[in-house]
Number of protein chains: 2
Amino acid sequence: MAAAIDFYFDFISPYGWIASRRIEAIAARHGREVTWRPILLGVTVLQVMGLKPLLETPLKGEYLLHDVPRTARFFGLTYNPPPPPAPAQPSPLAAARAYYWLFERDPALAKRLAQRLYDLQWAEGVDISAAETVAAAAEDLGIARAETLAALGNEAVKQRLRQAVEAAVARKVFGSPFILIDGEPFWGCDRLPMVERWLEGGW
Amino acid sequence: MAAAIDFYFDFISPYGWIASRRIEAIAARHGREVTWRPILLGVTVLQVMGLKPLLETPLKGEYLLHDVPRTARFFGLTYNPPPPPAPAQPSPLAAARAYYWLFERDPALAKRLAQRLYDLQWAEGVDISAAETVAAAAEDLGIARAETLAALGNEAVKQRLRQAVEAAVARKVFGSPFILIDGEPFWGCDRLPMVERWLEGGW
């Protein structure tokens, strides 16, 4: 069987969420598995690339606020972010840490948790920044709330996320979504048609 | 007849070139004209948005060098930029000034010149930075070389380009390509399928 596709995303990225709702079906049509890999744009974009936050970039920030709901509708998705002043920029740390923690125990369950958290954030209007929110979502999947909360405070778990982000940067991953197919990079949810063509054999 | 589509681009932008080879056919299918409007990313991206040049942005610069030829192939276009050390970043000033100068006389001819210059730069390996190169391309369209060279040294012509870029920024245009359909903004050549759907009535 061909190697799994690497699907990089940040939980704060609505474009990553749009891709998350489509990448599994695209991969399955071509006999591929998908490995989900949360990253932190706060590291890749702000630190490594030396850029400012997208929403604080003149002209582009305003465009993105218009484009995200429009793009979600284009793909047939219901976009429903948390209402302001609940953060325009929620924190992805708890969600990403919980993902990698659970991944070491049960990758399939970790992916279910990631999709659930992503949907909560961008389709169900729930800010997932708080550890308690992440733990409640995990509890719905059968993981004791106290166990998740303990893991989220564990230094080794925090270190695991740092390492994952460093590994992503080492593979030249920078945006969300960012998809690697046998090393071939695709950045952006508007590249999903190109991803599909690549899986069909390229061009 | 519906209003013309506004097609903004920078001659230094290969993604804008890719769009230039497709936008007229897309518009024609929906009974629309296209108004071409060269801009300067050196103003919009560097000055207004406060970002650094794309190719100097870590990770992103390297990705773009890989993505541009791949995207051109995806759209069935032959990408053939000038060889290095002929500039990775040619100057779009002469081409953009010549466009607006000629536009006031003959918009259709100005568009033909723009497409010719864009093809020279990205499909035929010719750096179009020099005024002489632009004047030679204009001569092929029947405009006396000396007349173009005189125009390119004219302060009023330079001012016309500055005003065009300011007007673009006032309409919140920032990238290349950037397409406005009845005020609806679309950024990026990977958004052409979305542009087409919008012209069909949106979603």
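Which residues are linked in a network of salt bridges? They are A:Asp67, A:Arg70, A:Asp190, B:Glu184 and B:Arg191. I will start there and work outwards. One caution before that: this is a predicted model.

Take A:Arg70 out of that network. A:Arg70 sits in helix α4 of chain A. With a relative accessible area of 1%, A:Arg70 is buried, since the limit for that word is under 20%. Leaving out residues up to four places away in sequence, A:Arg70 touches A:Tyr63 from its own chain, and from chain B it touches B:Glu184, B:Pro185, B:Phe186, B:Arg191, B:Met194, B:Trp198 and B:Trp203. Two of those names, B:Glu184 and B:Arg191, you have just heard as members of the network.

Now the helix itself. Helix α4 of chain A runs over residues 60-74. Its 15 residues, at 1.5 Å a residue, should span 21 Å, and the end C-alpha atoms are 20 Å apart, so the two values agree. The helix does bend, by about 30 degrees, at A:Asp67, and a proline, A:Pro69, follows within four residues. A:Asp67 is also one of the residues of the salt-bridge network.

Which residues of α4(A) are buried? The list is A:Lys60, A:Gly61, A:Tyr63, A:Leu64, A:Asp67, A:Val68, A:Arg70, A:Thr71, A:Ala72 and A:Phe74. And what covers them? The cover includes α1 (14-20) of chain A, and from chain B it includes α4, β3 (178-181), β4 (184-187) and α10 (192-199). Just after the helix, A:Gly76 has a positive phi of about 80 degrees.

For the corresponding numbering in chain B, I have one item on the surface. B:Leu65 is in helix α4 of chain B, residues 60-74. B:Leu65 has 59% relative accessibility and so counts as exposed. Together with B:Leu54 and B:Leu55, B:Leu65 makes a nonpolar surface patch of about 260 Å².

Next, salt bridges in general. Side chains of opposite charge can pair when their charged atoms come close. Over all chains the count is 32 salt bridges. I will go through three of them, from chain A.

The pair A:Asp6 and A:Arg37 has its closest N and O atoms 2.7 Å apart. This salt bridge links distant parts of the chain: A:Asp6 is in strand β1 (residues 5-9), A:Arg37 is in strand β2 (residues 34-38), and they are 31 residues apart. A:Asp6 is buried, at 8% relative accessible area, whereas A:Arg37 is partly exposed, at 28%.

The side chains of A:Glu24 and A:Lys111 also meet in a salt bridge, at 2.8 Å from N to O. Here A:Glu24 belongs to helix α2 (residues 23-29) and A:Lys111 to helix α6 (residues 107-123), with their positions 87 residues apart in the chain. A:Glu24 is partly exposed, with a relative accessible area of 27%.

In the third salt bridge, A:Asp182 pairs with A:Arg32, the closest N and O atoms being 2.8 Å apart. A:Asp182 is in the loop between β3 (178-181) and β4 (184-187), and A:Arg32 is in the loop between α2 and β2, so the pair ties together parts 150 residues apart in sequence. Is each partner buried or exposed? A:Asp182 is exposed, at 55%; A:Arg32 is buried, at 14%.

A few words on backbone geometry. In chain A, a cis peptide bond joins A:Ser176 and A:Pro177, with omega about 0 degrees. A:Pro177 lies in the loop between α9 (155-170) and β3. In chain B, B:Ser176 and B:Pro177 are likewise joined by a cis peptide bond, omega about 0 degrees.

Chain B also has positive phi values in residues other than glycine. B:Leu59 has a phi of about 70 degrees; B:Leu59 is in the loop between α3 (41-48) and α4 and is buried, at 14%. For B:Lys172 phi is near 70 degrees. B:Lys172 is in the loop between α9 and β3 and is partly exposed, at 41%.

One last residue, A:Thr44, in helix α3 (residues 41-48) of chain A. A:Thr44 is buried, with a relative accessible area of 0%. Beyond its neighbours within four places in sequence, A:Thr44 is in contact with A:Ile39, A:Met49, A:Val169, A:Val173 and A:Phe174.

How values were computed. Residues numbered from 1 in each chain as written. Chains lettered and ligands numbered in written order. Heavy atoms only, no water. Patch = residues over 30% accessible without salt bridge, like charges linked within 9 Å, V, L, I, M, F, W, Y side chains within 5 Å. Areas by Shrake-Rupley, 256 points an atom, 1.4 Å probe, with all protein chains shown as cover. Salt bridge = Lys/Arg side-chain N within 4 Å of Asp/Glu carboxyl O. Helix = DSSP H or I, 4+ residues; strand = E, 2+ residues; numbered from the N terminus. Buried < 20%, exposed > 50% of the residue type's maximum accessible area, 1.4 Å probe, protein only. Expected span 1.5 Å × (residues − 1). Bend = angle between axes of the 7 residues up to and from the residue. Contact = heavy atoms within 4.5 Å.
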